[in-house]
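Please open the model in a viewer and keep the sequence at hand. The tour below proceeds by selection, with a short account of what is found at each stop.

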Amino acid sequence: MLHSQLLELDPPATAPHQTGLYSVAYRTTSGDPSRLEVWPRSLGIDAPLPTMPLWLSAEFAVPVDLATSYAAACTLLRMD
């Protein structure tokens, strides 16, 4: 909803076998806070989850491995 409706951005292109689901990382630029940079990644069936940047400041991001995060959440919630 944020990506398509509030920001009026198109979702990332998907291949025919993909779900239409996607993950997006956002960052405002330090020189112009009204400018938004985006890193969209399509999520596919049986495809590995991507690693996405998590911006902690305008100049510093940490990579978040979504597959590892998902597995940890499943273990924590005893869904594995």
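## Strand β3 and the nonpolar patch

Begin by selecting Leu54, which belongs to strand β3 (residues 51–55). The model is a predicted one. Is Leu54 buried, partly exposed or exposed? Its relative accessibility is 44%, so Leu54 is classed as partly exposed.

Now add Leu56 and Phe60 to the selection and display the surface. Together with Leu54 they make up a nonpolar surface patch, whose combined accessible area is about 300 Å².

## From β3 to β4

Keep β3 in view and colour strand β4 (residues 61–65) as its partner: the two strands run antiparallel and are joined by five bridges. The connection between β3 and β4 is a hairpin of five residues. To inspect the pairing at one position, select Trp55 and look across to β4, where Ala61 stands opposite.

## Arg27 and its surroundings

Move next to strand β1 (residues 18–28) and select Arg27, which lies in that strand. What does the side chain of Arg27 touch by way of a polar contact? The partner is the side chain of Glu37, at 2.6 Å.

This pair is also a salt bridge: the closest N and O atoms of Arg27 and Glu37 are 2.6 Å apart. It ties together distant parts of the chain, since Arg27 is in strand β1 and Glu37 is in strand β2 (residues 36–44), ten residues apart. How many salt bridges does a search of the whole structure find? The search returns one.

Arg27 has a relative accessible area of 17%, which is under the 20% cut-off, and therefore counts as buried. Show its surroundings: apart from neighbours within four places in sequence, the residues in contact with Arg27 are Arg35, Leu36, Glu37, Trp39, Trp55, Ala58 and Glu59. Trp55 is thus a stop that recurs on this tour, once in contact with Arg27 and once opposite Ala61.

## Leu21, also in β1

Remain in strand β1 and select Leu21, which is found there. Is Leu21 buried or exposed? Leu21 has a relative accessible area of 54%; because the cut-off for exposed is over 50%, Leu21 is exposed.

With neighbours within four places in sequence set aside, Leu21 is in contact with Ser42 and Leu43. Then draw a distance from the C-alpha atom of Leu21 to that of Ile45: the separation is 9.6 Å, although the two residues are 24 apart along the chain.

## Both ends of helix α2

Select helix α2 (residues 66–76) and look at its start, where a side-chain oxygen of Asp65 comes to within 3.0 Å of the backbone nitrogen of Ala67. Go on to Arg78, just after α2, where phi is positive, at about 60°.

## The whole protein

Finally, clear the selection and view the protein in full. Two helices and four strands make up its secondary structure, and their order from the N terminus is α-β-β-β-β-α.

Which share of the 80 residues counts as buried? The figure is 15%, and Arg27 is one of the buried residues. With the surface displayed again, about 6,000 Å² of the protein is exposed, and 59% of that is supplied by carbon and sulfur atoms. A contact map would complete the view: among contacts between residues at least 6 apart in sequence, 27% join residues at least 24 apart.

Note on methods
Residues numbered from 1 in each chain as written. Predicted model: local features only at pLDDT ≥ 70, side-chain atom pairs only at ≥ 80, totals over all residues. Heavy atoms only, no water. Buried < 20%, exposed > 50% of the residue type's maximum accessible area, 1.4 Å probe, protein only. Polar contact = N/O pair within 3.5 Å; in protein donor to acceptor, adjacent residues only side chain to side chain. Contact = heavy atoms within 4.5 Å. Patch = residues over 30% accessible without salt bridge, like charges linked within 9 Å, V, L, I, M, F, W, Y side chains within 5 Å. Areas by Shrake-Rupley, 256 points an atom, 1.4 Å probe, with all protein chains shown as cover. Salt bridge = Lys/Arg side-chain N within 4 Å of Asp/Glu carboxyl O. Pairing = 2+ DSSP bridges.
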